[in-house]
Amino acid sequence: MNLEEYFQRIGFHGPHDKVDLASLTLIHKLHVMTIPFENLSMHCGEWVTMDLEDIFNKLVRSSRGGWCLESNYLFGWVLREMGFKVTMLSSKVFNSVLNDFAPGEDHLIYLVEIYGKVYLADVSFGVSSQIWEPLELISGKDQPQGAGVFRLLNKGEIWILEKTCRKPVVVNPEFSSSSLVNKVQTFQIYCFTLEPRGVEHFKERSHFLQTSPTSLFTNKSICCQQTPTGFKVLVGLIYSVVTYNPEEGVDILDMRYITEDELDEVLKEQFNVRLQKKLTPSNKKTCYKL
């Protein structure tokens, strides 16, 4: 494991020891534009570990992606190696079916302190809820990014990340009523406290998320890559390209079915992902919005 390999992976050519907001912002954006958010391993019969060296070999040396317990964990290591002051936190993802935050603290995030200011760093949530750049930890401030307007809200001990998005325009009529299309303009993404966590806190959740029949990740195979104009994502056998159009106040969703015979080609050409084992795509009925 070394920083140079990681920087080559994401295309970062700046100084390795510059601990400032500009460096954090650039590395954060390059990471989300290069390393996919994906859970394909568990649909290939592979077990996802929280061993940092395993994660480095997978995401950096094997050009794969990962979910937050891999990608954000790796990102935190990178920031510490560079000299940033970081704190690992856990968060609860909002569940629109429950209309509340899920009971389990499933999502790993970081706070980064720079010159007395604190920022939320999260390179692995995926789809339109993915922040491209760190968010300042300040309550009620609108922080516009490519996907829309993000804001953090302080509710006592609890912080909430929410987003206001644009109207979705679905190109393909057959997907106009798809459950993947998010038609809610303002929604909550996750909540968290400022209590520091260690990696041990997430190991039980990692096992649950990989084995429980109620877990999003056992029900859906997901591979998502942010792009300069939006993102592309494969959920089961539905391939979508989302283009942000803030000038018109809309997001364009181009969605289509692919065949299982096309899987390897789509993963290779669109996500630069090459699997070692056969993928069994899954898109069972459970709540997930683009």
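**Aromatic pairs.** Start with the rings of Phe, Tyr and Trp. A search of the whole structure, which is a predicted model, turns up 12 aromatic pairs. Select Tyr 6, Phe 7 and Phe 12. These three residues make up one aromatic cluster. Keep Tyr 6 and Phe 7 highlighted for the next stop.

**The largest nonpolar core.** Tyr 6 and Phe 7 return here, together with Tyr 73, Leu 108 and Leu 290. These five touch the most other members of the largest nonpolar core, which has 77 residues. Now select residues 68-82. This is helix α4, and its nine residues in the core are the biggest contribution. For a second, separate core, pick Leu 40, Leu 234, Leu 267 and Phe 271. They are among its 13 residues.

**Tyr 73.** Go back to the largest core and centre on Tyr 73. Which residues does Tyr 73 contact, leaving aside its neighbours within four places in sequence? Show Met 50, Leu 52, Ile 55 and Cys 68. Then add Met 88, Leu 108, Tyr 110 and Val 199. Of these contacts, Leu 108 also appears among the residues that touch the most other core members.

**Leu 52.** Step across to Leu 52, one of the contacts of Tyr 73. Leu 52 lies in helix α3, residues 52-61. Is Leu 52 buried or exposed? Its relative accessible area is 16%. The cut-off for buried is under 20%, so Leu 52 counts as buried. Draw its contacts beyond four places in sequence: Met 1, Tyr 73, Leu 74 and Trp 77. Next, put a distance line from Leu 52 to Glu 70. The two residues are 18 apart along the chain, and their C-alpha atoms are separated by 7.9 Å.

**Strand β11.** Select residues 186-192. Five of the seven residues in this strand are buried, so β11 is largely enclosed by the rest of the structure. Now bring in its partners. Strand β2, residues 85-95, pairs with β11 in the antiparallel sense, over three bridges. Pick Val 93 to see one position: its bridge partner in β11 is Tyr 190. Strand β9, residues 158-164, also runs antiparallel to β11, and six bridges join them. Here, select Glu 162. Opposite it in β11 stands Gln 188. While the strands are on screen, follow the side chains. In a regular strand they alternate between the two faces of the sheet.

**Tyr 115.** Move to the loop between β4 (107-114) and β5 (117-121), where Tyr 115 sits. Is Tyr 115 buried or exposed? Its relative accessible area is 75%. Exposed means over 50%, so Tyr 115 is exposed. Beyond its neighbours within four places in sequence, Tyr 115 contacts Val 19 and Asp 20. Now draw a line from Tyr 115 to Val 273. Their C-alpha atoms are 38 Å apart, with the two positions 158 residues apart in sequence.

**Zoom out.** Show the whole protein chain as a cartoon. How many helices and strands are there? The chain has seven helices and 15 strands. Its radius of gyration is 18 Å, close to the 19 Å that the globule rule gives for 290 residues, so the chain is as compact as a globular protein of that length. Along the principal axes, the C-alpha trace spans about 50 × 40 × 35 Å.

Colour by burial: 54% of the 290 residues count as buried. Switch to the surface. The chain exposes about 13,100 Å², and carbon and sulfur atoms supply 50% of it. Finish with a contact map. Among contacts with a separation of 6 or more, residues 24 or more positions apart account for 61%.

Notes. Residues numbered from 1 in each chain as written. Predicted model: local features only at pLDDT ≥ 70, side-chain atom pairs only at ≥ 80, totals over all residues. Heavy atoms only, no water. Core = buried A, V, L, I, M, F, W, Y, C linked by side-chain atoms within 4.5 Å. Buried < 20%, exposed > 50% of the residue type's maximum accessible area, 1.4 Å probe, protein only. Helix = DSSP H or I, 4+ residues; strand = E, 2+ residues; numbered from the N terminus. Contact = heavy atoms within 4.5 Å. Phe/Tyr/Trp six-rings, centres within 6.5 Å; stacked < 30°, edge-to-face > 60°. Rg over C-alpha atoms; globule rule 2.2 N^0.38 Å. Areas by Shrake-Rupley, 256 points an atom, 1.4 Å probe, with all protein chains shown as cover. Pairing = 2+ DSSP bridges.
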